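The following exercises concern one molecular structure. Each task is followed by a solution in steps.

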Amino acid sequence: NDANDANEKEEQIQTGSAIAINSTIIKDPNIILDFSSNRDAMQIMQHASYGLLSGIVSSLMGVGGLPLTMSYLTETTSLPHHCIQGTAVCALIPSILMSAVSRIHSIPLQTAGCVAMGAMGGGYVGAKFALGLSEDHLRFLYMGSLVVFGGRSVIGAARNIQRIRGKM
């Protein structure tokens with residue numbers, strides 16, 4: 001009977017009618033978008049419109065789209081935070097690649113390659129660690145990182161404004 005349950009869960013995951021987090025199967029109908037439904041078609045358009053805006057802002061300003069996309073998904077979906085993280089990362093890969101390709105002649109490829117190798121290892125370890133955290137711990141960690149990095153960015157922006165004013 002356990003083997004039948006395991007096979008059924010695996011089939012649900014493979015067909016896209018469920019997802020698995022920490023061996024827990026989530027069968028939330030709000031997670032899976034149905035392209036034939038009018039309600040879902042509107043949501044698909046909303047998500048695609050957000051993606052367009054996010055790609056433009058991220059490429060134009062060089063800001064990471066991950067915090068923006070995670071905030072967007074948190075506000076517009078009922079996805080668990082584990083799913084929001086994975087969805088945001090997957091959604092940004094094409095945008096990041098397009099931005100990099102468009103700047104290929106201004107990228108120090110050796111440096112980018114070294115950083116990318118480290119990021120791949122860190123991404124794997126971090127994802128394994130994140131999947132072991134509770135929903136509340138994951139949200140707390142995410143909010144804390146926004147406060148720390150956001151505060152650092154505000155201080156850096158203030159310094160840049162002072163430097164620019166000094167040149168005028």
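**Exercise 1. Determine whether Ala88 is buried or exposed, and describe its surroundings.**

Step 1. Ala88 counts as buried because its relative accessibility is 0%; buried means under 20% relative accessible area, exposed over 50%, and partly exposed in between, with a 1.4 Å probe and protein chains only. The model is predicted, so local features need pLDDT of at least 70, side-chain atom pairs count only at pLDDT 80 or more, and totals for chains, interfaces and linings use all residues. Residues are numbered from 1 along each chain as its sequence is written, and side-chain values use heavy atoms, with hydrogens and water left out.

Step 2. Ala88 belongs to helix α4; helices (H or I, at least four residues) and strands (E, at least two) are DSSP runs numbered from the N terminus.

Step 3. With residues up to four places away in sequence not counted, Ala88 touches Leu66, Thr69, Met70 and Leu73, where contact means heavy atoms within 4.5 Å. From C-alpha to C-alpha, Ala88 and Met70 are 5.8 Å apart, although 18 residues separate them in sequence.

**Exercise 2. State which residues make up the largest nonpolar core.**

Step 1. A nonpolar core is a set of buried Ala, Val, Leu, Ile, Met, Phe, Trp, Tyr and Cys residues joined through side-chain atoms within 4.5 Å.

Step 2. The largest such core has nine residues: Tyr50, Met70, Tyr72, Leu73, Leu79, Cys83, Ile84, Ala88 and Tyr142. At least two residues of this core come from each of α3 (65-76) and α4 (81-102).

Step 3. Tyr142, a member of the core, is in contact with Pro67, Met70, Ser71 and His81, leaving aside neighbours within four places in sequence.

**Exercise 3. Describe the elements of the protein chain and the confidence in them.**

Step 1. The protein chain contains six helices and two strands. From the N terminus on, their order is α-β-β-α-α-α-α-α.

Step 2. The average pLDDT, the predictor's confidence in each residue from 0 to 100, is 79 for the protein chain, and 76% of the residues score at least 70.

Step 3. Among the elements, helix α5 (residues 109-131) has the highest mean pLDDT, 90, and strand β2 (residues 24-26) the lowest, 54.

Step 4. Of the 168 residues of the protein chain, 17% count as buried.
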